[in-house]
Amino acid sequence: MPTLRAVDPKRTDAERLADIFTVLQRCFILNLSKELSRGNVSFPQYCLLGFLREQNALTMSEIAGKMGHSTAAATGLIDRLENLGHVKRMHAKDDRRKVMVQITTSGTNLVAEVREDMISNLLKMMEVLDSSEQKTWLQIYEKIFSYCQSK
């Protein structure tokens, strides 16, 4: 006769959160993809533009590391973004063999437009929460963000 195991409430909550995250990711990425498709930019290319916006310039190996890709795959992403005018390549001042990639005004503008769309969507979502819940939501996400940044 099989024995019944006690249900772990933490696991039950984690399973529910996994389902919620899946739906939220789908929702955000689909909406993001609609905005990105206007500029012919993929989600990975948008993420790369976001990294470049935070930095002055990155080397190809730094880009590959941040994206979790090989240098060859990162080069393909950069080629496409360069053809669209969203990034430019240049040689490092200290070592002309080193290629640096920098975001252009066009790339910065695209990131800003998509970010504004995200903010607009988040404001709509926040309407279903009272002000206390909104603050709690932000506090929770700040903790999760810090955890993810430390990885």
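**Entry 1: Q45**

I started at Q45, which sits in helix α2. The model is a predicted one, and I kept that in mind for every entry. Is Q45 buried or exposed? I found Q45 buried, because its relative accessible area is 5%, under the 20% cut-off for that class. I then listed the contacts of Q45, setting aside neighbours within four places in sequence. Q45 is in contact with N40, L77, R80 and L81. Helix α4 covers residues 71-83, so I turned to that helix and the sheet under it next.

**Entry 2: the sheet**

I looked up the strand order and got β1-β3-β2, an open sheet of three strands with antiparallel pairing. The edge strands are β1 (58-59) and β2 (87-91), and each of them pairs on one side only. Helix α4 packs on this sheet and touches β2 and β3. I noted an angle of about 115° between the direction of α4 and that of β2.

I went through the bridges next. How many bridges join β2 to β3? I counted five, with β3 taken as residues 99-103 and the two strands running antiparallel. Two of the partners I wrote down in β3 are V99 for H91 and Q102 for K88. On the other side, two bridges join β1 to β3, again antiparallel. There I found L58 standing opposite V101 in β3. I also checked how far β3 is covered: four of its five residues are buried.

**Entry 3: the largest pocket**

I moved on to empty space. Rolling a probe the size of a water molecule over the atoms shows where such space is left. The largest pocket holds about 1,800 Å³. Its lining comes to 30 residues, and F28, M118, L122, Y141 and F145 lie nearest the centre.

Which helices supply at least two residues each to this lining? I listed α1 (9-38), α2 (43-54), α5 (105-126) and α6 (131-149). The largest share comes from α6, with nine residues. I sorted the lining by class and got 22 nonpolar, four polar and four charged residues.

**Entry 4: the second largest pocket**

I read about 220 Å³ for the second largest pocket. I wrote its lining down in full: L17, I20, F21, L24, L129, E133, T136, W137, I140, Y141 and I144. The elements that give two or more residues here are α1 and α6. Helix α6 gives the most, with six residues. By class I have nine nonpolar residues, one polar and one charged. I marked Y141 as a name on two of my lists, since it lines this pocket and is also listed nearest the centre of the largest pocket.

**Entry 5: the cavity**

How many cavities of 30 Å³ or more does the structure hold? I found one. The volume of the largest cavity is about 50 Å³. I listed F28, N31, L32, E35, V114, D117, M118 and N121 as its lining. The elements giving two or more residues to this lining are α1 and α5. The classes come out as four nonpolar, two polar and two charged. F28 and M118 line the cavity, and I had already noted both among the residues nearest the centre of the largest pocket.

**Entry 6: D117**

I took D117 from the cavity lining for a closer look. D117 lies in helix α5. Why do I class D117 as partly exposed? The relative accessible area of D117 is 25%, and partly exposed covers the range between the 20% and 50% cut-offs. Leaving out residues up to four places away in sequence, D117 touches E35 and R38. E35 is also one of the residues lining the cavity.

I last checked D117 against E142, 25 residues away along the chain. Their C-alpha atoms are separated by 21 Å.

Methods. Residues numbered from 1 in each chain as written. Predicted model: local features only at pLDDT ≥ 70, side-chain atom pairs only at ≥ 80, totals over all residues. Heavy atoms only, no water. 1 Å grid on protein atoms, 1.4 Å probe; cavity = no way out; pocket = protein on both sides within 12 Å on 5 of 7 lines; lining within 4 Å. Points joined across faces, edges and corners; volume = space filled by probe spheres on them. Nonpolar A, V, L, I, M, F, W, Y, C, P; charged D, E, K, R; others polar. Pairing = 2+ DSSP bridges. Contact = heavy atoms within 4.5 Å. Axes fitted to C-alpha atoms, helices over the stretch in contact; angles between N-to-C directions. Buried < 20%, exposed > 50% of the residue type's maximum accessible area, 1.4 Å probe, protein only.
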